[in-house]
Amino acid sequence: LAIFRIVFIPCRNITKMAFHRLAVSVLAALSISSTDAFAPGSLKTARTNNALRMVATTPADLGIGTDSDVSNGEKDQDGTGAMMDLTGITFSGLKGKALSIQAEDFPKSKEIKAIIPKDCFKPETAKSLGYLSVSTVGTAICTAVGINMASVIGTGIFTLPIWSAYAAVTGTVAMGLWVLAHECGHGAFSKDRKLQDTVGYVIHSALLVPYYSWQRSHAVHHQYTNHMKLGETHVPEEYSEEGAFQQREWFMKTFGKEKGIQFFASIQAFLHLLVGWPGYLLLGATGGPDRGMTNHYYPNPLTEPPRPNKELFPGNWKEKVYQSDIGIATVVGSLLTWGACRGFGEVMALYGGPYLVINAWLVLYTWLQHTDTDVPHFNDDDHTFVRGALHTIDRPYDKLDPWGAIDFLHHKIGSTHVAHHYDSGIPHYKAQVATDAIKENFPEIYLYDPTPIPQALWRVCKGCVAVEKRGDKYVWKNNGVEDLL
């Protein structure tokens with residue numbers, strides 16, 4: 001629980017003593033050399049008139065805002081970015097660009113829409129089904145190999161290295177299915193609503209994702225991107241005398257600055273990539289504090305929310321949460337039956353391992369799309385939809401392998417995400433055109449970080465711990481460790 005506190009429950013308190021005791025027990029299982037191995041080399045190195053349009057183009061009943069609570073980015077604000085105090089701020093590959101943009105620099109939503117070709121907003125069912133077939137066939141081939149492999153080598157403990165490799169490959173391929181179900185939730189797969197929801201519901205249920213529950217929460221994430229109180233994922237902890245920042249300090253004091261921050265970052269990576277996704281679905285981990293603790297399988301808040309009118313699943317969405325649960329219960333029952341008949345070792349080898357890899361990819365994407373050491377967050381007074389959406393970061397996932405295969409298999413979800421956050425109804429196969437248009441017409445605000453993904457992840461694990469407010473921005477506080485990031 002104490003280590004869980006570092007990443008997932010920034011709004012709840014835990015004593016330092018309890019943290020230290022459990023941290024030491026975990027660190028005993030680690031070695032100094034393992035943290036060196038984890039480090040990837042030297043690292044010094046708008047909405048339209050329809051308030052729903054920008055969040056999830058269809059279906060139109062997502063119910064995430066009205067003119068009173070969805071800003072269109074068109075109001076005048078005082079910006080302080082260009083003149084802000086940069087003490088303790090480490091630049092990423094963005095070189096401080098996100099911090100230098102002032103509020104008045106952001107275009108109006110209609111100005112962005114005007115430069116994107118109109119065809120980009122139109123999903124094509126046949127093309128979407130074509131990409132679905134690619135991901136389905138690829139996953140089926142991997143699964144067939146796994147089934148035959150299980151009949152030959154079994155699933156005993158000594159075959160763990162082989163099944164780990166299988167999980168890495170199969171989970172990476174199957175992540176493409178996750179992305180397409182995500183497009184269904186946004187209304188970007190097809191104009192045929194029944195077909196779209198059927199595809200999304202089946203795929204997400206198979207991956208233990210409650211389709212309608214996540215559709216709603218993810219739309220809220222789009223509406224409140226980088227919002228300190230109402231953001232829905234990876235909302236940072238505000239600096240305090242007993243928070244994660246002090247816990248990182250304890251690691252560095254106990255093990256030395258360099259090794260201590262590596263230990264801390266390793267725990268961050270482990271908890272985010274392996275525990276983060278179920279933590280979010282079950283407890284609303286890293287979600288904004290103003291909705292209270294949430295659960296995607298039960299529609300009412302688990303704790304009293306500071307803003308009851310901002311609850312995650314209002315009105316008719318409560319029924320949709322239970323509709324999602326039917327799919328989850330069916331899959332869980334099937335897995336239990338499979339395990340009872342064939343053994344849970346086989347279930348973990350063929351399903352559990354790839355499932356964990358898919359989850360890790362998902363968290364990697366969402367974390368790095370909106371987080372880095374020089375990317376700020378905002379409060380109610382300073383956040384607008386456009387400002388939040390354009391603090392999304394595109395990254396070089398096409399360079400993860402020599403052929404760009406992973407970026408292709410994942411339908412370019414990480415390399416064209418700025419356009420996706422401007423209008424999530426843009427299908428992935430048209431997102432590059434939209435990205436190029438935004439980059440060409442608004443180069444001063446388009447965010448692209450060329451840092452290789454492993455280095456970017458390691459920097460975020462070490463440096464994105466707690467924020468403090470400076471001017472109209474909440475910025476990551478890294479006083480004294482700038483040279484380690």
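Contact here means heavy atoms within 4.5 Å. Every view below comes from a predicted model.

**View 1. Asparagine 295 sits in a loop and is buried there.** The loop in question runs between helix 11 and helix 12. With a relative accessible area of 13%, asparagine 295 counts as buried, because the cut-off is under 20%. Skip its neighbours within four places in sequence, and asparagine 295 is in contact with Leu281, Leu282, Leu302 and Phe313. Look for glycine 279 too: it is 16 residues from asparagine 295 in sequence, and the two C-alpha atoms are 9.3 Å apart.

**View 2. Helix 6 takes up residues 125–153.** Its 29 residues reach 41 Å from the first C-alpha to the last, close to the expected 42 Å. Which residues of helix 6 are buried? They are Ser128, Leu132, Ser135, Gly138, Thr139, Cys142, Gly146 and Ala150. These buried residues have plenty to pack against: helix 7 (160–186), helix 8 (193–206), helix 13 (344–370), helix 15 (405–409) and helix 17 (428–441). Just after helix 6 comes glycine 154, with a positive phi near 75°.

**View 3. The largest nonpolar core brings together 56 residues.** Met175, Trp178, Trp277, Leu364 and Leu368 have the most contacts inside this core. Several elements give two or more residues to the core, including helix 7, helix 8, helix 9 (211–223), helix 11 (257–283), helix 12 (317–342) and strand 3 (473–476). Helix 13 gives the most, with ten residues. Another core lies apart from this one and has 25 residues, among them Ile116, Val418, Ala419 and Phe442. As background, nonpolar side chains tend to be buried together in soluble globular proteins.

**View 4. Helix 13 crosses helix 18 (453–463).** Their axes come within 11 Å and cross at roughly 75°, so helix 13 and helix 18 are roughly perpendicular to each other. On the helix 13 side you'll find Leu364, Trp367 and Leu368, which meet Ile453, Ala456, Leu457, Val460 and Cys461 in helix 18. What classes of residue make up this contact? There are eight nonpolar residues, no polar ones and no charged ones. Now pick out leucine 364: leaving aside residues within four places in sequence, its contacts are Leu273, Tyr397, Ile453 and Leu457.

**View 5. Helix 11 packs on helix 13.** The angle is about 110° and the axes are 8 Å apart, which means helix 11 is roughly perpendicular to helix 13. Gln268, His272, Leu273, Trp277 and Pro278 come from helix 11, and they meet Asn359, Ala360, Leu362, Val363, Leu364 and Trp367 in helix 13. Sorted by class, the contact of helix 11 with helix 13 has eight nonpolar, three polar and no charged residues.

**View 6. Helix 7 packs on helix 9.** Here the axes are 9 Å apart, at an angle of about 75°, so helix 7 is roughly perpendicular to helix 9. From helix 7 come Trp178, Ala181, His182, Cys184, Gly185 and His186, and these meet Tyr211, Trp214, Gln215, His218 and His222 in helix 9. How many residues of each class take part? The contact of helix 7 with helix 9 has five nonpolar, six polar and no charged residues.

**View 7. Two loop residues, leucine 208 and lysine 412, have a positive phi.** Most residues other than glycine have a negative phi. Leucine 208 has a phi near 60° and lies in the loop between helix 8 and helix 9. Its relative accessible area is 15%, so leucine 208 is buried. Lysine 412 has a phi near 55° and belongs to the loop between helix 15 and helix 16 (417–422). At 26% relative accessibility, lysine 412 is partly exposed.

**View 8. Phenylalanine 245 meets residues from far along the sequence.** This residue is part of helix 10 (residues 244–255). Is phenylalanine 245 buried or exposed? It counts as buried, at 6% relative accessibility. Not counting residues up to four places away in sequence, phenylalanine 245 touches Tyr239, Val465, Ala466 and Lys477. Alanine 466 is 221 residues from phenylalanine 245 in sequence, yet the two are 5.9 Å apart in space, C-alpha to C-alpha.

How values were computed
Residues numbered from 1 in each chain as written. Predicted model: local features only at pLDDT ≥ 70, side-chain atom pairs only at ≥ 80, totals over all residues. Heavy atoms only, no water. Helix = DSSP H or I, 4+ residues; strand = E, 2+ residues; numbered from the N terminus. Expected span 1.5 Å × (residues − 1). Buried < 20%, exposed > 50% of the residue type's maximum accessible area, 1.4 Å probe, protein only. Core = buried A, V, L, I, M, F, W, Y, C linked by side-chain atoms within 4.5 Å. Axes fitted to C-alpha atoms, helices over the stretch in contact; angles between N-to-C directions. Parallel < 35°, antiparallel > 145°, perpendicular 65-115°, else oblique. Nonpolar A, V, L, I, M, F, W, Y, C, P; charged D, E, K, R; others polar.
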